[in-house]
Amino acid sequence: MKKCLISGSFDPITCGHIDIIEKALAMSNKVVVGVFNNEEKTYLFNLNERVQLCKLALEKYDNVEVVGDSGMVFEFCNKYDIDIIIRGFRNNVDYAYETEMAKFNYDKCGVKTILLPADKKFDNISSTIARELILQEKQNFAQNNVEEINAELNKYLPASVLSLIRRKNNE
């Protein structure tokens, strides 16, 4: 396998995302992490911030490139000569959604998708919960009531990402 795409909104990138990226690295020569923007979604971090967080989290991997995009995945595949899409799933709901997206992308650009199960220790990790915890931490910071939230965030986010988010929140 030559070049694969791992796409998502990465709002923010989690330890679960990195697990899938590491699995993809074992299968491919080059991994492109496509940070996508969907105008219909509300994000905690804008596209440039999400790209920055991904680059920070993945800086130790030489054969990973992080690219932000507002288009469709199938268009991105054509533009960047992607050979395969790799997506992770945590449960049956994720699997069903990812299967439908895989069919759609294949029909549009002929690029197949490989679905990889998340490691069991990441089954309950999602960007949605991470965002909620970040917002709770920010709201409770003034009350010095963040120890429990801090412990949860450390399970969800890479230390470098969490550190940058906290610095930005304190600006």
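**Exercise 1.** In this predicted model, find the helix that holds Asp-19, then decide whether Asp-19 is buried or exposed.

*Solution.* Start with the location: Asp-19 belongs to helix H1. Next, take its relative accessibility, which is 10%. Buried means under 20%, so Asp-19 counts as buried. Finally, look at its surroundings: leaving out residues up to four places away in sequence, Asp-19 touches Ala-118, Asp-119 and Phe-122.

**Exercise 2.** Now try Ala-26: where is it found, and is it buried or exposed?

*Solution.* Ala-26 sits in the loop between helix H1 (15-25) and strand E2 (30-36). Its relative accessible area is 71%. Exposed means over 50%, so Ala-26 is exposed.

**Exercise 3.** Which residues of helix H7 are buried, and on which side or sides of H7 do they lie?

*Solution.* First, list the buried residues of H7 (residues 159-169): Val-161, Leu-162, Leu-164 and Ile-165. Then check their spread around the axis: they cover an arc of only 165°, which puts them on the same side of H7. A handy rule helps here: an α-helix has 3.6 residues a turn, so residues three or four places apart point the same way.

**Exercise 4.** Count the aromatic pairs, then work out how the rings of Phe-36 and Phe-76 are arranged.

*Solution.* The count comes to 4 aromatic pairs. For Phe-36 and Phe-76, the ring centres are 5.2 Å apart and the planes meet at 65°, so this pair is edge-to-face. Phe-36 lies in strand E2 and Phe-76 in helix H3 (residues 73-79), so the pair ties together parts 40 residues apart in sequence. Both Phe-36 and Phe-76 are buried. Ring pairs also link Phe-36, Phe-76 and Tyr-80 into a cluster.

Definitions and conventions: Residues numbered from 1 in each chain as written. Predicted model: local features only at pLDDT ≥ 70, side-chain atom pairs only at ≥ 80, totals over all residues. Heavy atoms only, no water. Buried < 20%, exposed > 50% of the residue type's maximum accessible area, 1.4 Å probe, protein only. Helix = DSSP H or I, 4+ residues; strand = E, 2+ residues; numbered from the N terminus. Arc of directions from axis to C-beta. Contact = heavy atoms within 4.5 Å. Phe/Tyr/Trp six-rings, centres within 6.5 Å; stacked < 30°, edge-to-face > 60°.
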